[in-house]
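Me: I am new to this structure and would be grateful for a close look at one part of it. Please take the place where the two chains meet, and then set it in its surroundings.

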There are 2 protein chains.
Amino acid sequence: MKRELEFKSKLEGEAAADRRTFLAGAAVSAAALALPSWVRASAAPAVPRDEMDGIRSEIEKRHNESVERLQHWIQQPSIAAENRGMNEGCELTMHMLRDAGFEQVTKVPTDGQPGIFATLDAGAPCTVGLYFMYDVKQADPSEWTSPPFEAALVDKPGLGKVLVGRGAVNQKGPEATFLAALHAMRGAGKKMPVNFVFVAEGEEEIGSPHFPQVVRKPEIAAALKKCTSVFMPYAAQGLNGEVTMTLGAKGVVELELVSSGARWGRGPRKDLHSSNKARVDSPAWHLVEALVTLVSPDGNDPMIEGFAAKARPLSETDKKMIAEAARRLSEADAKKQMGVDHWVHDVSWQESLELLCSRPTINIEGLVGGYTGPGGKTILPGRAVAKIDMRLVPDMTAAEALAALKAHLAKKGFGDIEVNMSGGYDPTSTPADSSIIRASIAVYKKNGIDPVLLPRLAGSWPGFVFTGEPLHLPAGHFGMGHGNGAHAPDEYYLIESSNAKVAGIDDAVRAHVEFLYEVARTA
Amino acid sequence: MKRELEFKSKLEGEAAADRRTFLAGAAVSAAALALPSWVRASAAPAVPRDEMDGIRSEIEKRHNESVERLQHWIQQPSIAAENRGMNEGCELTMHMLRDAGFEQVTKVPTDGQPGIFATLDAGAPCTVGLYFMYDVKQADPSEWTSPPFEAALVDKPGLGKVLVGRGAVNQKGPEATFLAALHAMRGAGKKMPVNFVFVAEGEEEIGSPHFPQVVRKPEIAAALKKCTSVFMPYAAQGLNGEVTMTLGAKGVVELELVSSGARWGRGPRKDLHSSNKARVDSPAWHLVEALVTLVSPDGNDPMIEGFAAKARPLSETDKKMIAEAARRLSEADAKKQMGVDHWVHDVSWQESLELLCSRPTINIEGLVGGYTGPGGKTILPGRAVAKIDMRLVPDMTAAEALAALKAHLAKKGFGDIEVNMSGGYDPTSTPADSSIIRASIAVYKKNGIDPVLLPRLAGSWPGFVFTGEPLHLPAGHFGMGHGNGAHAPDEYYLIESSNAKVAGIDDAVRAHVEFLYEVARTA
């Protein structure tokens with residue numbers, strides 16, 4: 001997930017403050033803690049022993065096959081931002097779905113990169129939706145210690161054996177782990193406990209601009225309508241095994257504000273020698289003057305009229321959840337991890353979490369204007385750009401936020417500034433008592449993890465296509481296991497864990513099996 | 001010249017409005033206009049015929065030698081910004097000086113790249129200072145139609161044969177033309193009419209940070225003190241042969257304003273996921289908020305307290321000079337050339353020239369913060385930079401302007417923002433009645449050019465080291481000839497002119513000879 005995984009890595013510092021032991025219960029001996037986690041987990045199975053019979057050994061037996069499947073997938077880059085390997089990546093993903101037992105697998109054309117629709121009918125009473133992405137973020141090989149598309153296995157001190165590669169944790173690792181669960185269940189001769197309706201996109205990393213086209217195709221919408229919920233495989237564990245769950249996510253609008261002499265009718269149409277500033281208006285100053293009108297003088301609060309009019313305040317339940325999270329998570333660890341000394345307005349830890357969950361934001365992602373190289377260059381730029389993201393909470397929508405921004409700029413005398421939205425979507429919410437959330441919590445708890453709950457992820461994922469009109473399905477993420485470095489060099493996914501509290505790939509595969517049985521049971 | 005030549009190309013559109021014919025006087029026949037310009041110029045010699053005897057033929061005879069010298073010089077890049085070929089470029093320049101007759105040629109170490117000090121004592125009563133630069137701007141070969149360091153001779157329709165290469169016009173072409181004048185005079189057996197004190201730097205393109213160290217060395221300062229004036233060879237002619245002269249130049253300060261979480265103590269110390277904007281301050285917003293305090297809301301007028309306190313208003317003489325320039329130059333051509341539809345505040349053409357000559361400015365050269373690539377990236381940048389240049393008029397100084405900026409930022413609550421000056425210097429002024437200006441005008445006029453005069457160049461060059469304390473020498477530029485593309489791809493210098501109004505290299509060499517005799521005569 002484009003935004004969520006980055007966010008998770010930021011939350012790891014917080015979650016490391018979860019002082020509860022990995023294995024709940026005072027009777028756990030030090031000796032037990034030294035056992036591999038999957039052995040210990042077997043003492044508190046998420047599913048009856050007979051259901052797991054044969055599956056555990058099948059997972060172990062297929063360990064190399066699972067790792068090689070993931071390596072093969074990573075070795076095929078599919079980067080939407082560079083239109084690189086997209087068709088190959090789509091075809092490979094479709095092949096892997098067929099291989100994992102999906103009966104019907106279809107490529108779904110869109111105005112952008114194709115999506116995938118697939119089904120697996122096990123004749124079960126319960127049908128579950130699956131959301132995958134087959135694209136990955138760009139990678140600059142010069143920044144990596146092992147090549148991003150080689151998928152090398154590397155020993156990482158304190159963690160264990162990890163697989164390094166672009167997409168390792170975001171999102172091929174967790175997705176391949178889920179597929180390995182299907183292989184293990186089939187290999188053990190088990191019937192799937194649920195049917196699957198699968199949808200995937202190849203443009204998650206560029207803001208899912210065409211994913212609604214996939215899920216709104218009549219036959220796909222009809223299939224999704226039969227689902228009790230939708231989930232995406234995830235590697236939810238932090239460095240110490242802890243898990244933070246969220247009941248939805250903020251929406252996002254990513255856009256560029258472009259100030260240009262050509263559009264403005266003032267200033268130069270292209271870069272001009274800077275000596276002319278004495279007599280020529282500056283599109284760069286024009287942009288800066290427009291920008292400051294968007295936020296309060298401290299840069300923290302959106303000042304666009306009507307922008308946050310529909311922002312729903314936190315409920316009492318939300319506030320209690322956050323208070324509990326604030327109690328369990330460490331402010332000091334969070335600040336250290338984030339490289340931050342103060343929250344905005346010097347608010348408390350609990351208030352900072354409330355802001356994180358509830359506040360719409362207007363953020364500068366980047367500023368690009370005129371000369372950007374080393375030193376200076378005496379030009380008056382003809383064009384300057386601010387890259388902006390706006391985060392939205394229910395009941396704001398991406399379309400309304402964009403319209404409010406445009407109206408604001410026009411009203412303030414900056415109607416000439418182009419507003420180019422590149423991606424984004426509405427917020428998403430899933431009820432705490434939905435089957436998918438209850439099943440997730442149950443499986444985490446049975447594996448000794450008491451997840452911290454937050455009402456909302458401050459990052460974003462395109463869950464609105466499931467939770468919003470017309471489907472209204474619960475949607476979220478589930479998965480044990482660990483990885484880090486989404487969008488960064490040396491992205492990794494944990495294969496063999498040296499920390500008993502953190503699941504390696506085999507334990508993560510097993511957790512997916514447990515989750516599917518749990519979903520079937522509680523749906 | 002870093003800033004001036006760029007500026008000149010912008011002024012060409014204006015100067016093209018000089019409707020006077022190249023050859024003054026109504027008696028000039030159409031037949032005479034068809035003759036090569038140097039033949040025609042000989043009808044109105046700038047110096048008595050006996051002084052030029054033998055020199056003209058020597059110039060023609062040495063045409064290939066002059067072109068090859070320039071080619072050889074261009075083929076040795078010296079780029080201070082990249083620390084590339086600096087020592088080789090310095091040595092080559094020194095070799096060329098000795099070759100042209102300088103008796104004493106010394107490398108002058110500085111804290112940066114070395115300067116050069118040289119003298120040529122002709123036993124003349126008058127000593128003239130020379131200022132050269134041996135560095136050139138960077139060049140990206142992929143943007144050039146012929147390689148920037150090949151110095152190819154190319155036919156340019158409407159202009160003639162030009163030499164294409166980095167440094168062709170800025171500044172090796174004009175400098176090599178001057179050296180060719182010395183060779184021609186020696187070749188013709190002439191005694192130099194003036195003695196020379198020569199200084200050069202290798203850091204003009206990065207703002208001359210160490211050039212004061214060169215000219216303030218006691219033996220060099222003592223030598224310069226004997227000079228009546230200092231000049232730099234120049235290719236002053238526009239596309240139609242016209243010349244615009246200036247009696248000084250604005251000063252400049254180039255700097256970066258750096259806002260960072262590390263210095264601020266708020267916001268992140270490095271880039272953070274943008275979802276955290278809800279609870280974390282933004283160094284990028286902090287920079288934007290600081291920037292708007294520097295100028296009026298339209299981005300045009302400096303608002304830094306005390307910044308322009310010492311800015312000297314235009315005198316009545318200045319205003320008359322500008323009124324005359326406004327009458328002779330074309331506003332429409334200037335706007336077309338610049339890609340501009342309106343002046344600031346929609347002032348008139350004459351007012352726009354007044355602003356250009358008299359207004360201190362604060363300009364954004366560039367904005368660089370966070371993610372600057374294609375599309376977006378959901379980060380909250382830990383650091384953002386604005387590249388600024390400030391132009392200064394007499395009696396402002398670079399040091400005082402910088403101090404005023406720092407005091408302003410501190411007072412407005414932005415004292416954490418780093419102010420990193422990378423280069424710059426004080427304004428420079430030379431009296432209209434100084435020998436160098438009078439000699440320049442005389443030679444231009446004798447060659448049929450009635451130069452447009454402006455009180456000040458809005459661009460900048462480091463003439464303050466000569467015109468300011470302690471030397472107080474007149475300093476300026478002289479040279480016929482034409483080139484363009486300083487700092488841009490396909491920079492060129494005109495070798496053989498197909499336009500009778502514009503001097504090729506041989507005519508430009510001859511004009512330097514005339515200029516030296518004229519300086520000697522009028523000093």
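How many residues does the contact take from chain A and from chain B?

Reply: The model is a predicted one, and the description that follows should be read in that light. The contact takes 72 residues from chain A and 72 residues from chain B.

On the side of chain A that touches chain B, several elements each supply at least two residues. The helices are α1 (4–15), α12 (283–292) and α15 (349–358) of chain A. The strands are β11 (272–273), β12 (361–370), β13 (379–380) and β14 (383–392) of chain A. Of these, β12(A) gives the most to the side of chain A that touches chain B, namely nine residues. By class, the residues on that side of chain A comprise 29 nonpolar, 24 polar and 19 charged.

Strand β12(A) also pairs across the contact. It is joined by five bridges to strand β12 (residues 361–370) of chain B, and the two strands run antiparallel. Within this pairing, V368(A) has V368(B) in β12(B) as its bridge partner.

The domains of chain A provide the wider setting. The domain assignment gives domain 1 of chain A as 4–18 + 37–249 + 429–522, and domain 2 of chain A as 251–311 + 360–425. Taken over C-alpha atoms, the centres of these two domains of chain A are separated by 36 Å. The contact between them takes 10 residues from domain 1 of chain A and 10 residues from domain 2 of chain A. Where domain 1 of chain A touches domain 2 of chain A, its side has five nonpolar, four polar and one charged residues.

One further element of chain A may be described in detail, helix α7 (residues 86–99). At 1.5 Å a residue, its 14 residues should span 20 Å, and the end C-alpha atoms are 20 Å apart, which agrees. The buried residues of α7(A) are M86(A), G89(A), C90(A), T93(A), M94(A), M96(A) and L97(A). Seen down the axis of α7(A), these buried residues fall within an arc of 160°, and therefore they line one face of the helix. They pack against helices α6 (63–74) and α8 (172–187) of chain A, and against strands β1 (104–108), β2 (115–120) and β6 (195–201) of chain A. The face of α7(A) turned away from the buried side carries the exposed residues E88(A), H95(A) and R98(A). After α7(A) comes G101(A), with a positive phi near 115°.

Methods: Residues numbered from 1 in each chain as written. Chains lettered and ligands numbered in written order. Predicted model: local features only at pLDDT ≥ 70, side-chain atom pairs only at ≥ 80, totals over all residues. Helix = DSSP H or I, 4+ residues; strand = E, 2+ residues; numbered from the N terminus. Expected span 1.5 Å × (residues − 1). Buried ≥ 20, exposed ≤ 12 C-beta atoms within 10 Å, placed from the backbone. Arc of directions from axis to C-beta. Contact = placed C-beta atoms within 7 Å. Nonpolar A, V, L, I, M, F, W, Y, C, P; charged D, E, K, R; others polar. Pairing = 2+ DSSP bridges. Domains from an automatic or database assignment.
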